[in-house]
Amino acid sequence: MFRKLLPAVILIAATPAAAGTQTLPHDLSVWGMFTQADWVVKLVMVGLVLASVATWTVLIAKHLELARQRKSAEAFRDTLADAGSLAQLDAASAAHPIVKEARAEIAQSADALADAEGLKERLVSRLDRYEAKVARKMTQGVTILGTIGATAPFVGLFGTVWGIMNSFIGIAESQTTNLAVVAPGIAEALLATALGLVAAIPAVVIYNHFARVIAAHRAVVADSAAALLRIVSRDLSRGTLPAVEG
């Protein structure tokens, strides 16, 4: 009896493996899963890859820009700290935008220089606006990192939900719950979430880094504005300010 049943047992035991082999035509590499994914999931993946490329592009470009500006701003701040009056500034420092802002206000207040406190208030207001303009310029291109960091995980999750939904539809249509049939579609869907995290995590880290760098740079600009106000105050006290109008 046992000898008669043995071939049948061997056949039954071998059937799932053979079936699994026949129903697993998928290439489970990253590229294979991408090419076999639904078109909506493909669009999500492509968008996330482009977002990741944008993140690293902003990192390189903005790092070079801020490093150059930071070095120049620190040198100018030190020049202002050493100057005793506007007349002592060299040609390059006198042509700096913040000095031009101060000179423009002094020129517009030429008939009201006797009101020293009023002039100082107007200078503070103008230099504050200049500082805000510099901060806005420095943050250009950085805000996209915050957008990517906040939205990329959800975009990836959308791709995953869409892919898993298609997998369940495939289960219903094929009338089978064989893991070999279901697993490739679920793996393709989860790849979208993985790409979302790959795009989001560096974007958040880089955004926080630039936020600190920009805050430090803005502090240097504020120090320069304060040094310039001290120079103007000295010239007002000496009565030499009109000699440097224009």
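This is a short chat about a predicted model of a protein chain.

Me: How confident is the model, what's the mean pLDDT of the protein chain?
Reply: The mean pLDDT is 80, and 80% of the residues reach 70 or more.

Me: Where is confidence lowest, and where is it highest?
Reply: Helix α1, residues 2–22, is lowest with a mean of 41. Helix α3 is highest, at 90.

Me: Over which residues does pLDDT stay under 50?
Reply: Residues 1–25 are one such stretch, and the model gives them six contacts beyond four places in sequence. Residues 242–246 also stay under 50, with eight contacts of that kind.

Me: OK, pockets. What volume does the largest pocket have?
Reply: About 320 Å³. Its lining has 15 residues, and Q69, H96, Y130, V134 and H217 are the closest to the centre.

Me: Which helix gives the most to that lining?
Reply: α6, with five residues. Helices α3 (39–82), α5 (97–108), α6 (116–139) and α8 (179–238) each supply at least two.

Me: And what is the lining like by class?
Reply: Eight residues are nonpolar, five are polar and two are charged.

Me: Switching to E105. Which helix does it lie in?
Reply: E105 lies in α5.

Me: Is E105 buried or exposed, and why?
Reply: E105 counts as buried because its relative accessible area is 7%, and the cut-off for buried is under 20%.

Me: What is E105 in contact with, leaving aside neighbours within four places in sequence?
Reply: L119, R122, L123 and R126. With R126 there is also a polar contact between the side chains, at 3.1 Å.

Conventions: Residues numbered from 1 in each chain as written. Heavy atoms only, no water. 1 Å grid on protein atoms, 1.4 Å probe; cavity = no way out; pocket = protein on both sides within 12 Å on 5 of 7 lines; lining within 4 Å. Points joined across faces, edges and corners; volume = space filled by probe spheres on them. Helix = DSSP H or I, 4+ residues; strand = E, 2+ residues; numbered from the N terminus. Nonpolar A, V, L, I, M, F, W, Y, C, P; charged D, E, K, R; others polar. pLDDT = per-residue confidence, 0-100. Contact = heavy atoms within 4.5 Å. Buried < 20%, exposed > 50% of the residue type's maximum accessible area, 1.4 Å probe, protein only. Polar contact = N/O pair within 3.5 Å; in protein donor to acceptor, adjacent residues only side chain to side chain.
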